[in-house]
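Let us walk through this fold together, looking at its empty spaces and at the way its helices pack. Keep the viewer open so that you can follow along.

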Amino acid sequence: MSETTTGACPPLLFFDTGVGGLSVLAETIKLLPNAPIVYAADYAGLPYGMKSEAELSARIPALLGRLVERYRPQLATIACNTASTIALDHVRSALDIPVVGTVPAIKPAGQTSRTGVIGLLGTRATIRQPYVDRLAADFAADKILLRHAAPELVYAAEAKLRGEPVDTGTIAAALAGLLDQPDGDRMDTVILACTHFPLLRAELAVAAPRPIDFIDGAEGIARRVAYLTRDSAWPATKPDGIFVTTGDVSAAAAYRPAFKKFGIRRFEKL
C-alpha cells in the first residue's frame with residue numbers, strides 16, 4: 001500500500017472540481033465518522049461546466065486513475081454532477097474499485113413536489129445532458145421541469161468556503177433564472193444539481209420569495225457509500241484526511257479552516 005495513504009485502512013476517495021464535494025463528504029462522515037478520507041479537487045480543470053463532453057470523458061478517468069494508483073482507495077465517489085453525468089461509465093470501465101456517482105435528485109423531487117413544478121439548477125454541461133432527460137422521463141414525466149444554468153454559484157460557493165462574503169445578487173439572479181420562466185410562479189421545489197450548490201442552501205432560502213424545498217442527492221450518495229463499504233474495519237480514531245489538487249497547493253491555504261472541520265489537514269499536489 002502506498003505510503004501516502006491514510007494508514008492501514010484504505011481510504012475513501014472523493015473527487016470534484018473544487019470544494020463542492022464537501023457537501024457529499026459531510027453526509028458521508030455522519031455515517032462513517034472514522035473513515036480515512038482523500039479529497040481530490042481538480043482546480044486546474046475548473047470549471048467543468050464549460051468544457052466539452054469529449055474533453056471531460058478523457059480528463060476525468062485519467063485523473064482518477066492517477067489518484068487510485070497513489071492512494072489505493074477502497075472506493076471512489078465522483079462528487080460532481082457534471083463529471084458523473086458525462087464520465088461515470090468511462091471511470092467505472094477504467095478502475096477496478098467501486099465508483100459512486102452523483103446525479104440530479106429528480107426522483108425525490110418528483111415525489112415531494114406538491115405543485116408539480118420543479119426547478120433544476122446546475123452547470124451548463126449538466127442541464128443539457130441526455131441523462132437528465134432520461135431521469136425526468138422516468139421519475140417526473142407528469143411534472144414541469146424548469147432548467148437554468150447557474151455556473152456563477154460555483155464561484156459563490158468557493159468564495160463562501162474561503163470565508164468571503166457571498167454576493168446576494170448572484171444568488172437572486174440564479175433563482176430568477178427559474179422563477180421568471182413560464183410556470184415559475186408555481187415552482188415549489190428546486191433540485192441543486194451541482195454539489196457546490198448545497199453549500200449555498202441558506203443563502204438560496206433567504207433569496208427565495210416564498211418557501212421552496214431545495215433538494216440534493218448527498219444523503220443518498222452517503223448511504224450508498226456506507227452500504228458498499230459495510231464490511232470495512234474502520235480505525236478506532238479518525239486519521240488526518242488528505243486534500244490533493246491538480247492546481248496550486250498554496251492557493252488552497254484559504255480553504256484550510258473549512259477542510260479542518262472535516263478532519264482534512266494534509267495538503268498535497270497531484
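The lining of the largest pocket is made of 24 nonpolar, five polar and 11 charged residues. In this predicted model, that pocket has a volume of about 930 Å³. If you want to place yourself at its centre, look for D216, G217, A218, E219 and I221, the closest of the 40 lining residues. Several elements give two or more residues to this lining: helix 1 (22-31), helix 3, strand 4 (99-100), helix 4 (106-112), helix 6 (130-139), helix 7 (152-161), helix 10 (218-228) and helix 11 (256-260). Which of them provides the largest share of the lining? That is helix 10, with seven residues.

Since helix 10 has come up, let us stay with it and see how it packs. Helix 1 and helix 10 have axes 8 Å apart and pack at an angle of about 50°. Angles from 35 up to 65 degrees fall outside the ranges for parallel and perpendicular pairs, and the two helices are therefore oblique to each other. Their crossing is right-handed. On the helix 1 side, the contact is formed by S23, V24, E27, T28 and L31, and on the helix 10 side by A218, E219, I221, A222, R223, V225 and A226. Sorted by class, this contact has seven nonpolar, two polar and three charged residues.

The same two helices turn up again when we look at enclosed space. Three cavities of 30 Å³ or more are found in a search of the whole structure. The second largest cavity holds about 60 Å³ of space. Around it are 15 lining residues, and N81, T102, L192, D216 and G217 are the closest to its centre. Helix 1 and helix 10 are the elements that give two or more residues to this lining. The lining residues of the second largest cavity comprise nine nonpolar, five polar and one charged. You may recognise D216 and G217, which are also among the residues closest to the centre of the largest pocket.

Now move to the largest cavity, which has a volume of about 140 Å³. Its lining has 18 residues, and those nearest the centre are T17, Y48, G49, T123 and V154. Here helix 3 and helix 7 are the elements that contribute two or more residues. The lining of the largest cavity has 10 nonpolar, seven polar and one charged residues.

Helix 3 is worth following further. Which pocket takes eight lining residues from helix 3? The second largest pocket does, and helix 3 gives the most to that lining. This pocket has a volume of about 180 Å³. Of its 13 lining residues, S84, T85, D89, Y131 and R134 are the closest to the centre. Helix 3 and helix 6 each supply at least two residues of the lining. In terms of class, the lining of the second largest pocket has six nonpolar, four polar and three charged residues.

Helix 3 also has a helical partner to look at. The axes of helix 2 (residues 53-71) and helix 3 (residues 81-94) come within 8 Å and cross at roughly 50°. Helix 2 and helix 3 are therefore oblique to each other. Helix 2 passes helix 3 in a right-handed crossing. From helix 2, the residues in contact are E53, L56, S57, I60, P61 and L64, and they meet T82, A83, I86, A87, H90, V91 and A94 of helix 3. This contact has nine nonpolar, three polar and one charged residues.

Finally, turn to helix 7, one of the elements that line the largest cavity. Helix 7 and helix 8 (residues 168-179) have axes 10 Å apart and pack at an angle of about 145°. Is their crossing left-handed or right-handed? Helix 7 passes helix 8 in a left-handed crossing. The contact joins E152, L153 and A156 of helix 7 to T170, I171 and A174 of helix 8. By class, there are four nonpolar, one polar and one charged residues in the contact of helix 7 with helix 8.

Note on methods
Residues numbered from 1 in each chain as written. Predicted model: local features only at pLDDT ≥ 70, side-chain atom pairs only at ≥ 80, totals over all residues. Heavy atoms only, no water. Axes fitted to C-alpha atoms, helices over the stretch in contact; angles between N-to-C directions. Helix = DSSP H or I, 4+ residues; strand = E, 2+ residues; numbered from the N terminus. Parallel < 35°, antiparallel > 145°, perpendicular 65-115°, else oblique. Left-handed = near helix turned anticlockwise from the far one by under 90°. Contact = heavy atoms within 4.5 Å. Nonpolar A, V, L, I, M, F, W, Y, C, P; charged D, E, K, R; others polar. 1 Å grid on protein atoms, 1.4 Å probe; cavity = no way out; pocket = protein on both sides within 12 Å on 5 of 7 lines; lining within 4 Å. Points joined across faces, edges and corners; volume = space filled by probe spheres on them.
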